[in-house]
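Visitor: Please give me a close look at the empty space inside this model.

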Amino acid sequence: MTSVEEERPRALLAGASRRWVRLLPWAVAFVLCVALLPTTIVVLTADYGLTGSVAAGLAVAQAAPLLLAVVRPLRAWYVVFVADVAGALALLTVDFQERLLWPFPPMEIVGYVGVCLALGLRERRRTLLLVWLATAAANVALGFVAPHGFSARGMLFTILGGVALLLGGALRERSEVQRRLVEQETISEAERSRRTLLEERARIARELHDVVAHHMSVITVQADTAEYRLDSLPPDVREEFTSIAATARESLGEMRRLLGVLRNEEAHGELVPQPGLAQIGQLVEVTARARGPVEFTPCDVAVPETVGLSAYRIVQEALSNVVRHAPGARTQVSLSVTESDPQDGARLTVLVVNGPPPQPPDGPLEVGGTGHGLVGMRERVRLVGGSLDTGPLPDGGFRVAARLPLDFSD
């Protein structure tokens, strides 16, 4: 079933976004078919002197395939090309005036040009070249048996057919180039988003290492010194502490080896103690001195280090966005603990709200941003199982609200 659906031909311009463009090939083919069918019969009988049955047969074979050309232009070309050549040979059996165009009357040229245009919109260059060579060869071969001599106007069939093939091919290739550009831009944007996400996850992993390594180091030291700090430890308890210290040291070594994959040569200075709630006030003070008024409502509560680090980074990214996109805007930063239902437990609410800038900036303060702002916030909130709400305000400002559970175990 799938192979049948994949082989089903598509109409010309079927991928266009506008409906009238998708219907345009059908409309043109229908108009040409309706106009050329009776015209061909009348001209071939009245002007050239063919019998009605022969003229009708040639008219159907030359005009009806125009509808097929919308879906299968190459098959339509085979039929029209053979019918046009057969019509030229049929005209050799009658006596017509020298002023009339031969081997291909005008209505046949119009229909053939339509088929060639459809071919150009569908087929590749090699096929178009072969079609034009077949057209020229047939035109030249018929010229040798011309009843009234062969003139330059007899080559209109080849010239106009070639122009239609060239025009259709140019339009098709231009459309393909635009489609590939759009696809490449989409792929590039997806790769940029993926790279940004991976970089932010690596940064979070490095910071988590520093937090976890601190606790593991404390466990190691306590286990190693237990026999000196505690009197009269039984031998089995002393062995247990020794095993705990060895396991902790092995875990630290494994973490450092894994972290070596994530760290890069530019990641100097990341082994310093990671910030938390206590450092948010200093961050706000520095931002207020450098960039604009910032009001801070602290929260004096003990939180897990991972939650404190996430809260600090969220405030840091939010204030950086204010500096980049709304310099000088009045900003409010508040930390508060809210009690939720018993299932969720207590949560730390981090709220950063800024108003519109005093005056729109002439241009961005930074030429190239990292693109880590909102991505990093979402990753940090997801890491601790919280929720994040961001969005513009009616007055032109922006709001960042994160709710982080305090029962998260680091």
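Guide: UniProt positions are given in the numbering used here, with shortened feature names, and the annotations may be inferred rather than shown by experiment. The model is predicted, with local features needing pLDDT of at least 70 and side-chain atom pairs 80 or more, while totals for chains, interfaces and linings use all residues. Residues count from 1 along each chain as its sequence is written, and side-chain values use heavy atoms, without hydrogens or water.

An unreviewed UniProt entry lists "transmembrane region" for residues 20-44, 50-69, 76-94, 100-121, 128-146 and 152-171. Residues 20-44 are 100% helix (H or I DSSP runs, at least four residues), with end C-alpha atoms 35 Å apart. For residues 152-171 the helix content is 80% and the end C-alpha distance 29 Å.

The largest pocket (an open set of 1 Å grid points with protein on both sides within 12 Å along at least five of seven lines) has a volume, as filled by probe spheres, of about 1000 Å³. Its lining (residues with an atom within 4 Å of a point) numbers 30 residues, with Ala11, Leu12, Leu13, Ala14 and Leu121 nearest the centre. Helices α2 (19-47), α6 (106-122) and α8 (156-229) each supply at least two lining residues, and α8 gives the most, seven. By class, 19 are nonpolar, four polar and seven charged.

There are two cavities (points where a 1.4 Å probe fits but cannot get out) of 30 Å³ or more. The second largest cavity has a volume of about 40 Å³, and residues lining this cavity include Leu36, Gln62, Asp84 and Glu108. Here α6 provides the largest share, four residues.

Methods. Ala, Val, Leu, Ile, Met, Phe, Trp, Tyr, Cys and Pro count as nonpolar, Asp, Glu, Lys and Arg as charged, and the others, Gly among them, as polar.
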